[in-house]
Each structure stands twice: as C-alpha cells, then as structure tokens.
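Work through the exercises below with the sequence and the model side by side. Each task is followed by a solution in steps.

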Amino acid sequence: MANQSAGILLYRKTLNGPEFFLVHPGGPFFRNKDLGWWTIPKGEILPDELPLDAAIREFDEETGYRPEGKFIELHPIVQKGGKKVWCWAIAGDLDSKRITCNTFDLEWPPKSGKIVAFNEVDKAGWFSLQESEKYINQRQFAFLLELNQLLT
C-alpha cells in the first residue's frame, strides 16, 4: 500500500475533557521543529498487511505499548504530501516519559560517511484538544476533532 500509512490515536478521559497522545518525530531533521510537527504514532503499511494491523504494530514500535480493545475507525485523511493516513482511536493510558521506540540509521552529518542511529520518536505527550491543535500536523487534527465529537 504505497504512499499510505496507518496509526493509532490513543486517548484518555479526564475531568477537563479528553486528552490525546501525540509523538514528536526523532532524527536531526525535526530537532528544531515543534509546533505543527507532532503526530499520531503511525507508519507505512507493509505489503499484504491490514491497515489496522499496521497501525497497532507501528504504535508498539514507536512507544513500546501495544494497544488492545475496541478500536474506533476514523475517517482517513490525505496529508499535504499526498500520503493517505488511516487511523483508529482507542482508550488507553501510558506514561509519555517512559516510551521506548525503534531506531533508524542515517548518514549524519550528510556526506560524512558516518552512520548514526536515531530514535523514531524523541518525545511524546498528552494534549488537550485545544493544546493539540498547535502541536499536531495540521491535516491530522481532523482525527482529533472527529474523535472528540464521538466522545461528547
């Protein structure tokens, strides 16, 4: 499923309304990028892999947490670059300070010949709907709006 990815929008209910779990991409290209760069944990759908299975696998790879239970399918979005993103929401809770994730190798600095391992995700956090609008990739905010509507 080229140019498609799948992810999980983890949420928890609080006295002040729902909070949404978002991650910040790791690696040198995102080091100084914050507002508008956070995302739901997501990744590419492998050949012959069902989108929900890919979403669960990617969430586990990027956080060290495997969500289980009743998943709520949300409407897919298309990001600015043309990538279609499938998303499922599920209630859950995890300590955003204690995530573990896979790494990827990259020649860094460019043309240096040095291969450096970077974390796929360098930080995670829980955000209210209002806070998340500032941090999340603009197109992905539609997932949070849809889920918020379903929860109220």
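How many aromatic pairs does a search of the whole structure find?

The model is predicted, so local features need pLDDT of at least 70 and side-chain atom pairs count only at pLDDT 80 or more, while totals for chains, interfaces and linings use all residues. Residues are numbered from 1 along each chain as its sequence is written, and side-chain values use heavy atoms, with hydrogens and water left out.

**Exercise 1. Aromatic pairs**

Task: give the count, then classify the pair Phe21 and Phe59 and place it in the chain.

Solution.
- Step 1. Rings of Phe, Tyr and Trp (its six-membered ring) pair if their centres lie within 6.5 Å; planes under 30 degrees apart count as stacked, over 60 as edge-to-face and the rest as tilted. The search of the whole structure finds nine aromatic pairs.
- Step 2. Phe21 and Phe59 have ring centres 5.9 Å apart and planes at 45 degrees, so this pair is tilted.
- Step 3. Phe21 belongs to strand E2 (residues 17-25) and Phe59 to helix H1 (residues 51-63), 38 residues apart, and the pair thus links distant parts of the chain. Helices (H or I, at least four residues) and strands (E, at least two) are DSSP runs, numbered from the N terminus.
- Step 4. Phe21 and Phe59 are both buried, where buried means under 20% relative accessible area, exposed over 50% and partly exposed in between (1.4 Å probe, protein chains only).
- Step 5. Ring pairs join Phe21, Phe59, Tyr65 and Trp126 in a cluster.

**Exercise 2. Salt bridges**

Task: count the salt bridges, then describe the one between Asp93 and Arg12 and the network around Arg57.

Solution.
- Step 1. A salt bridge is a side-chain nitrogen of Lys or Arg within 4 Å of a carboxyl oxygen of Asp or Glu. The count by this rule is seven.
- Step 2. Asp93 and Arg12 form a salt bridge with an N to O distance of 2.7 Å. Asp93 is in the loop between strand E5 (84-91) and strand E6 (103-107) and Arg12 is in strand E1 (residues 4-14), so the bridge ties together parts 81 residues apart in sequence.
- Step 3. Asp93 is partly exposed at a relative accessible area of 47%, and Arg12 is partly exposed at 24%.
- Step 4. Arg57 bridges to Glu49, with the closest N and O atoms 2.8 Å apart, and to Glu58, with the closest N and O atoms 2.9 Å apart. Shared partners join Glu49, Arg57, Glu58 and Glu61 into one network of salt bridges.
- Step 5. Glu49 has a relative accessible area of 15% and is buried; Arg57, at 17%, also counts as buried.

**Exercise 3. The largest pocket**

Task: state the volume and the lining of the largest pocket.

Solution.
- Step 1. On a 1 Å grid over the protein atoms alone, a pocket is an open set of points where a 1.4 Å probe fits, with protein on both sides within 12 Å along at least five of seven lines; lining residues have an atom within 4 Å of a point. Points are joined across faces, edges and corners, and a volume is the space filled by probe spheres set on them.
- Step 2. The volume of the largest pocket is about 610 Å³.
- Step 3. Its lining has 26 residues, and Pro25, Phe30, Thr39, Lys42 and Glu62 lie nearest the centre.
- Step 4. E2, strand E3 (42-44), H1 and E6 are the elements that give two or more residues to this lining.
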